[in-house]
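I opened this entry to record what I looked up in the model, going from the interior to the surface.

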Amino acid sequence: MTDPLPEKLARIVQRFQQHSAVKKRYEQLLWYAKRLPPFPEAGKVPENKVPGCVSQVYVTAILEDGMVFFQGDSDAQIVKGLLGLLIEGLSGLSPETIIRLSPEFIQDTGLNVNLTPSRANGFYNIFQTLKNKASLYVIPEN
């Protein structure tokens, strides 16, 4: 059994579940793209680039009060929407919570049915990159 989704991520999934029409789901995704704050050009460096994405995707993470906060950008609107959805859903969680998450929640949004294989792959690559960045902040137990 998987852990329940963190509250913010569960709300995002519910928003997508309210729309059965593909067009509405894409509009929701583009809304997440627009909500991303501007990403500093200085952050567009190789170590912040998400590997395996067809489009250019950059992600940074900082630890504040024991919680991870992400920033990101993409040159493709749909991918930027996926990134925005993930950043909104995962920012403010503990590194341990992020690492335990499974990407399966994308199926609950219904988006996986409509994404092209390269975008679906991009989603998983972005998700894995966020998990990898969060894992850098896990304090090892002695």
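My notes below cover the nonpolar core, one residue of a helix and a patch on the surface.

Entry one, the core. I kept in mind throughout that this is a predicted model. I looked up the largest nonpolar core, which has 36 residues, and found that Phe-70, Leu-85, Leu-86, Leu-90 and Ile-126 touch the most other members. The elements that give two or more residues to this core are the helices α1 (7-17), α2, α3 (77-90), α5 (105-109) and α7 (117-135), together with the strands β1 (57-64) and β2. Of these contributions, the largest share is that of α3, with eight residues.

Entry two, Phe-70. I then listed the contacts of Phe-70, leaving aside its neighbours within four places in sequence, and noted Val-59, Thr-60, Ala-61, Ile-87, Leu-90, Ser-91, Ile-98, Leu-130, Lys-133 and Ala-134.

Entry three, Gln-28. I turned to Gln-28, which is found in helix α2 (residues 22-35), and asked whether Gln-28 is buried or exposed. Its relative accessible area is 12%, which is under the 20% limit, so I entered Gln-28 as buried. Not counting residues up to four places away in sequence, Gln-28 touches Arg-15, Phe-16 and His-19.

Entry four, the surface. I looked up a nonpolar patch on the surface and found that Ile-62, Met-67 and Phe-69 form it, with about 230 Å² of accessible area together. Met-67 lies in strand β2, which covers residues 67-74. I entered Met-67 as partly exposed because its relative accessible area is 31%, a value between the 20% and 50% limits.

Notes: Residues are numbered from 1 along each chain as its sequence is written. This is a predicted model: local features need pLDDT of at least 70, side-chain atom pairs count only at pLDDT 80 or more; totals for chains, interfaces and linings use all residues. Side-chain values use heavy atoms; hydrogens and water are left out. Patches are made of residues with over 30% relative accessible area and no salt bridge: like charges are joined within 9 Å, nonpolar side chains (Val, Leu, Ile, Met, Phe, Trp, Tyr) within 5 Å. Accessible areas come from the Shrake-Rupley method with a 1.4 Å probe; for residues, only the protein chains shown count as cover. A salt bridge is a side-chain nitrogen of Lys or Arg within 4 Å of a carboxyl oxygen of Asp or Glu. Helices (H or I, at least four residues) and strands (E, at least two) are DSSP runs, numbered from the N terminus. Buried means under 20% relative accessible area, exposed over 50%, partly exposed in between (1.4 Å probe, protein chains only). Contact means heavy atoms within 4.5 Å. A nonpolar core is a set of buried Ala, Val, Leu, Ile, Met, Phe, Trp, Tyr and Cys residues joined through side-chain atoms within 4.5 Å.
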